[in-house]
Amino acid sequence: MSRLFTPIYINVILPETQKLARPLDRKTAIISFTKTLANSQAFATRYSQKGWGFTCTALLKLLELPPLPAARDDLINDADIEDMSFGVGFTPLNTIRVQQKDPWPETGADLKAWVGSYLKEADSKQSGRISQFAQERLDDQSKTVLASYIS
């Protein structure tokens with residue numbers, strides 16, 4: 001299983017999450033990465049070199065950088081309201097959209113602050129494990145950015 005998981009995770013999942021443009025999708029990825037880094041013993045030990053460090057770097061990029069632009073074939077064209085015509089049949093209302101509910105209201109409005117407090121709490125509960133992993137597995141720039149969140 002790990003022979004299949006590692007290449008997919010590193011070559012597909014981590015790069016593709018940087019392309020997430022919708023706020024709820026980005027929030028989902030941020031929460032997932034944060035909880036994986038903080039809580040997963042198996043992930044931290046089995047995938048120690050690539051997994052933990054790459055996931056932390058991907059988390060920091062999601063928090064700090066805007067989404068990567070979509071590729072040409074990833075774009076979905078919405079129908080222009082002016083181009084649509086009414087017919088005899090049913091016509092859905094495209095101008096009324098259902099408001100999305102936040103499935104994680106406990107994170108609050110400031111996601112960066114939530115990530116910082118979550119990782120800081122996990123670090124203190126686990127006797128500095130997050131800080132230790134950061135020192136061992138991250139480059140200097142990522143260490144600096146992570147330190148700004150958990151200090």
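Tutor: Helices, of at least four residues, are DSSP runs of H or I, numbered from the N terminus. The model discussed here is predicted.

Student: How many helices are there in the chain?

Tutor: From the N terminus on, the elements run α-α-α-α-α-α-α. The chain has 0 strands, and its number of helices is 7.

Student: How many residues apart are Phe5 and Tyr9 in helix α1?

Tutor: Helix α1 covers residues 2-17, and both Phe5 and Tyr9 lie in it. Their separation is about one turn of the helix, that is, 4 residues.

Student: Is Tyr9 buried or exposed?

Tutor: A residue counts as buried under 20% relative accessible area. Its partner Phe5, with 29%, is partly exposed. Tyr9 has a relative accessibility of 9%, and therefore counts as buried.

Student: Which kind of aromatic pair do Phe5 and Tyr9 form?

Tutor: By the rule for ring pairs, the count comes to 3 aromatic pairs. One of them is formed by Phe5 and Tyr9, at 5.2 Å centre to centre with 20° between the planes. Planes under 30 degrees apart count as stacked. The pair of Phe5 and Tyr9 is therefore stacked.

Student: What is the angle between the ring planes of Trp52 and Phe133?

Tutor: Trp52 is buried at 0% relative accessibility, and Phe133 is buried at 9%. The ring centres of Trp52 and Phe133 are 5.5 Å apart. Planes over 60 degrees apart count as edge-to-face. The pair is edge-to-face because its planes stand at 70°.

Student: How many residues apart are Trp52 and Phe133 in the chain?

Tutor: Trp52 lies in helix α4, whereas Phe133 lies in helix α6, residues 129-137. The pair links distant parts of the chain, and the separation is 81 residues.

Student: The charged end of which residue sits over the ring of Phe133?

Tutor: A charge sits over a ring only if it is within 6 Å of the ring centre. Here the distance from the centre of the Phe133 ring is 3.8 Å, and the charged end belongs to Arg137.

Student: Which helix supplies the largest share of the largest nonpolar core?

Tutor: The largest nonpolar core has 31 residues, of which Trp52, Leu59, Leu119 and Leu146 touch the most other members. Each of α1, α2, α3 (41-46), α4, α5, α6 and α7 supplies at least two residues of this core. The largest share is 7 residues, and it comes from α4.

Student: How many salt bridges does the count come to?

Tutor: A salt bridge needs a side-chain nitrogen of Lys or Arg within 4 Å of a carboxyl oxygen of Asp or Glu. By this rule, the number of salt bridges is 5.

Student: With which residue does Asp102 form a salt bridge?

Tutor: The closest N and O atoms of the pair are 2.5 Å apart, and the partner is Lys27. Asp102 lies in the loop between α4 (48-64) and α5 (111-125), and its partner lies in helix α2 (residues 23-39), so the pair ties together parts that are 75 residues apart in sequence. Asp102 is partly exposed at 36% relative accessibility. The partner is buried, with a relative accessible area of 11%, and is Lys27.

Student: How far does α2 reach from its first C-alpha to its last?

Tutor: Helix α2 has 17 residues. Its buried residues include Arg26, Lys27, Ile30 and Phe33. At 1.5 Å a residue, the expected span is 24 Å, and the helix is close to it, reaching 24 Å.

Student: Which residue meets Lys125 in a salt bridge?

Tutor: The N to O distance of this salt bridge is 3.0 Å, and the partner of Lys125 is Glu121. Both residues lie in helix α5, 4 residues apart, about one turn of the helix. Lys125 is exposed at 63% relative accessibility. The partly exposed partner, at 43%, is Glu121.

Student: What is the N to O distance in the salt bridge of Lys143 and Asp140?

Tutor: Lys143 and Asp140 are 3 residues apart in helix α7 (residues 140-150), so about one helical turn separates them. Asp140 counts as exposed, at 59% relative accessibility. The side chains of Lys143 and Asp140 meet with an N to O distance of 3.8 Å.

Methods:
Residues numbered from 1 in each chain as written. Predicted model: local features only at pLDDT ≥ 70, side-chain atom pairs only at ≥ 80, totals over all residues. Heavy atoms only, no water. Buried < 20%, exposed > 50% of the residue type's maximum accessible area, 1.4 Å probe, protein only. Phe/Tyr/Trp six-rings, centres within 6.5 Å; stacked < 30°, edge-to-face > 60°. Lys NZ or Arg CZ within 6 Å of the ring centre and 35° of its normal. Expected span 1.5 Å × (residues − 1). Core = buried A, V, L, I, M, F, W, Y, C linked by side-chain atoms within 4.5 Å.
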